[in-house]
Structures are given as C-alpha cells and as structure tokens.
Amino acid sequence: MVTLLLDSTQLEVVLSGSEKALAFRKRNVAIERSTIVKVQLTDDAWTWLRGVRAPGTHIPGVLAIGTWRSTGATDFAIIRRHRPAVVIDLDGHPEFQRIVLTTRHGLELVQALQLDVAGDAADVVELAADSAPVAKKKPRSRKAPTPAPADGVS
C-alpha cells in the first residue's frame, strides 16, 4: 500500500521497492501543494484511468501501476482491484496532470490537505487524526416494546 506524506509545501507519494519496479520509476512522486487543483474520492478508480500505459504495469481489472499517456495529458496511477481511491487533479505540475491512487485513507488525505502543516513531512493518516475533533456520541434512546395485539381467543 502506498504511503502519503504531507508537509507545508508538498505531498509525496512514497513508493515501495516493488511499486517502483512495477511503475518503472526510480523515485517517489512529489507534488507541490500549489499544483493541486481538485481532490476527489471514488469507489472505482478504473473509470478514471485514461490513455495507454507508458511505462508501467497493467493487468486489466487487477493492477495498474505507472504512467498513462493520453492526448494532451500524462497521469500517474496506482490502482489495485476495485477498491476506494483518490483522484488528484493537478495544474502546473512538471510531469503529471492527474494522480489516481487506490487507498483506504482518501478521506484522511482530503482532511490533511485542508490543514496548514508546519514542520517535517508526516503521514496523512497521522495528520488527519491529530486535527480531527473528538466527537461525543449521543446515547441512543430506545423505544419501549409495544405489547402484541390480543388474538381475541381466551
């Protein structure tokens, strides 16, 4: 699973050794925060995959890791099966116009991007957890059971 690190200036998609090999990349994907235009959550990342693999690894419906090129756009994708994902649209990034990542931490990423982060890069899950207000649960009131209607038989 991909690790997302965020600091005051950039979001970094940290790739494992196997992810780097499958994506044919030598380094992580660094995204300046100022280039992020929109972040969307989706249940099916495959609908956001556009263009052809160049370079990367693609097993239809199972795995898509690497760079995808289409007319006028270059995207980076890490898609595993049909899992929830985050789609990050970029403007002014030197390499990509869109990043598509399957992650169970999409909501935490959206929350962390709304924060003014100071200091060293931190995992978006930790940032979102630190900033989330503690919600108090209201006790649920229960209705008293209603008696069953009488059959009229004695």
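This is a short tour of a predicted model, stop by stop, with something to select at each one.

**Stop 1: colour by confidence.** Start with pLDDT, which averages 84 over the chain, with 76% of the residues scoring at least 70. Then select helix H3 (residues 124-131), which has the lowest mean among the elements of the chain, 64, while E6 has the highest, 96. Where pLDDT is low, the predicted coordinates should not be read in detail.

**Stop 2: the sheet.** Show the strands next and follow the order E4-E8-E9-E7-E6-E5: these 6 strands form an open sheet with mixed pairing. At its edges you will find strand E4 (36-42) and strand E5 (52-59), each pairing on one side only. Neighbouring strands are turned against each other by 15 degrees on average, direction ignored.

Now zoom in on strand E6 (residues 63-70) and strand E7 (residues 73-80), an antiparallel pair with 8 bridges. Which residue of E7 stands opposite Ile65? Select Ile78 and you have it.

**Stop 3: helix H2.** Select residues 106-113 to bring up H2, which lies across E4 and strand E8 (85-90) and runs at about 155 degrees to E4. Within H2, the residues Gly106, Leu109, Ala112 and Leu113 are buried. They sit on the same side of H2, because they cover an arc of only 125 degrees around the axis.

**Stop 4: the cores.** Switch on side chains for Leu11, Val13, Ile31, Phe76, Ile88 and Ile99, which touch the most other members of the largest nonpolar core, a set of 23 residues. At least two residues of this core come from each of strand E1 (3-6), strand E2 (10-14), strand E3 (29-32), E6, E7, E8, strand E9 (98-102) and H2. Apart from it lies another core, of 9 residues, including Ala45, Trp68, Ile79 and Val87.

Stay with Ile31 for a moment: beyond residues up to four places away in sequence, it touches Thr9, Gln10, Leu11, Val13, Ile36, Leu90, His93 and Ile99.

**Stop 5: Leu90.** One of those partners makes a good last selection. Leu90 belongs to strand E8. Is Leu90 buried or exposed? Its relative accessible area is 9%, under the 20% cut-off, so Leu90 counts as buried. Leaving aside neighbours within four places in sequence, Leu90 is in contact with Ile31, Thr35, Ile36, Val37, Phe96, Gln97, Arg98 and Ile99. To finish, draw a distance between the C-alpha atoms of Leu90 and Thr35: they are 55 residues apart along the chain, yet separated by 5.3 Å.

Notes:
Residues numbered from 1 in each chain as written. Predicted model: local features only at pLDDT ≥ 70, side-chain atom pairs only at ≥ 80, totals over all residues. Heavy atoms only, no water. Buried < 20%, exposed > 50% of the residue type's maximum accessible area, 1.4 Å probe, protein only. Helix = DSSP H or I, 4+ residues; strand = E, 2+ residues; numbered from the N terminus. Arc of directions from axis to C-beta. Pairing = 2+ DSSP bridges. Axes fitted to C-alpha atoms, helices over the stretch in contact; angles between N-to-C directions. Contact = heavy atoms within 4.5 Å. Core = buried A, V, L, I, M, F, W, Y, C linked by side-chain atoms within 4.5 Å. pLDDT = per-residue confidence, 0-100.
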